[in-house]
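Reader: I'm new to looking at protein models, and I'd like a close look at one part of this one. Could you start with a pair of helices, follow the chain outward from there, and explain the terms as you go?

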Amino acid sequence: MANVTVIGAQWGDEGKGKIVDWLSERADVVARFQGGHNAGHTLVVGDKVYKLSLLPSGIVRGTLSVIGNGVVLDPWHFRDEVAKLKGQGVEIHPDNLQIAETCPLILPFHRDLDGLREDASGAGKIGTTRRGIGPAYEDKVGRRAIRVCDLAHLDDLGPQLDRLTAHHDALRAGFGEPPIDRDALMAELRDIAGFILPFVKPVWLTLNKAKAQGKRILFEGAQGTLLDIDHGTYPFVTSSNTVAGTAASGTGLGPGGAGFVLGITKAYTTRVGSGPFPSEQENEVGQRLGERGHEFGTVTGRKRRCGWFDAVLVRQSVAVSGVTGIALTKLDVLDGFDELKICVGYQIGDTRYDYLPAHAQDQAKAQPIYETIGGWSETTAGARSWADLPAQAIKYIRRIEELIDCPVTLVSTSPEREDTILVRDPFAD
């Protein structure tokens, strides 16, 4: 049985939570490998709704869940999210949840810096969640980070704190903020350490043992490929690599462990925050998609921008993430449209492109080239087989497959986990 890596193939918010939940029932381990609590996953299980942002989705099912080294961890948010889920009846303990020893910590001054920068950026705002994700990743690559394993050695933290405060105090001074209160920070770390440390394990070892035993591992990506720090619409991106290859570096399992790469994409396109969006519909169509799709961010609550399906961008995501198959979500949102449009290229000046150029100014100028396809009047909501779908909906799916050079392996027709059409079982490959 193969492992499965789930990634977003658009700008995030594609419905990964439901798909991961649907798959996690048959997985032995679920692993997060990048991002932080800026990721929002909503799971609907029976009459209960679970909103996760840091914990792997498998925890709701009791599946062994691990937070890999590629994740930046806010320990106070971790404590709060655990408490919230326990309040909903979810069993969480060190036997079913592990945190990698080498996760960098998101600290209070990271959140401060995130907000200060956004407020001072004017027209250059990125649209971050202001949760300290970017500054924490900066400290990681700058070799200043305090990591989870440091919580067990707080008395030895002096040299690392010297390096960290030397950097941040200068930044804070530039914003007119006081230096970091080292004593207060140490008190907060000592207070939270006792809660975090029981969950801390060498996650790379856990995953390699699971692989050796033939267990099924489900890697859960956050955000989407178009927000990747290298491959996304820079600078309007997240601070981590969101592509499937990060499953290896972000957990320590190795590149051979990724298995079947399942790219999640909506049957249309959405985006939260700033940045280019060639197929955006700032009109009645966009309003209709947003209302029918309940397009508000799980983490931020911000209204999502909505537009037609962009086959060019999804084809790029398929290529850079090595996607094996697509899970197409929210097909039911398109019910009742007389016609649908699919972006098949861009016009920038006199040049036509079959990919999105890298420069932000070119991206901002890209005009979509559309192909029009007939819609359907019947409902697809709750469909669980091809026979339940209108012929025109199947035609729409088949055309998407042709344009993105990748087969659709799952179709989701509502937030309910059972309202899923399985075309090809990712775990069976």
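Author: Happily: we begin with two helices that meet, then visit the loop just before one of them, and end with another helix and two more loops. This is a predicted model, in which local features need pLDDT of at least 70 and side-chain atom pairs count only at pLDDT 80 or more, while totals for chains, interfaces and linings use all residues. Residues are numbered from 1 along each chain as its sequence is written, and side-chain values use heavy atoms, leaving out hydrogens and water.

Find helix α3, residues 108–120, and helix α5, residues 158–174. (Helices are DSSP runs of H or I with at least four residues, strands are runs of E with at least two, and both are numbered from the N terminus.) Their axes come within 11 Å and cross at roughly 30 degrees; axes are lines fitted to C-alpha atoms, with angles from 0 to 180 degrees between N-to-C directions. That angle makes α3 roughly parallel to α5 (under 35 degrees; over 145 is roughly antiparallel, 65 to 115 roughly perpendicular, the rest oblique).

Which residues of α3 and α5 meet? From α3 come Phe109, His110, Asp112, Leu113 and Arg117, and from α5 come Leu164, His168, Leu171 and Arg172, where contact means heavy atoms within 4.5 Å. By class, four residues in this contact are nonpolar, two polar and three charged.

Now step to the loop between α4 (133–141) and α5, where Arg143 is found. Although Arg143 is not a glycine, its phi is positive, about 65 degrees. Arg143 is also exposed, with a relative accessible area of 69% (exposed means over 50%, buried under 20%, partly exposed in between, with a 1.4 Å probe and protein chains only).

Further along the chain, the loop between β8 (217–220) and α8 (246–249) holds Pro235. A cis peptide bond joins Tyr234 to Pro235, with omega about 5 degrees.

Next comes helix α9, residues 284–292, whose buried residues are Gly286, Leu289 and Gly290. These residues share one side of α9, because they cover an arc of only 95 degrees around the axis. On the other side, Glu284 and Glu291 are exposed. What do the buried residues of α9 pack against? Their partner is β11 (305–307).

Finally, look at Asp405, in the loop between α12 (391–404) and β17 (408–412). Asp405 is a residue other than glycine with a positive phi, near 60 degrees, and at 59% relative accessibility it counts as exposed.

Notes. Ala, Val, Leu, Ile, Met, Phe, Trp, Tyr, Cys and Pro count as nonpolar, Asp, Glu, Lys and Arg as charged, and the others, Gly among them, as polar. The arc is that of the directions from the helix axis to the C-beta atoms.
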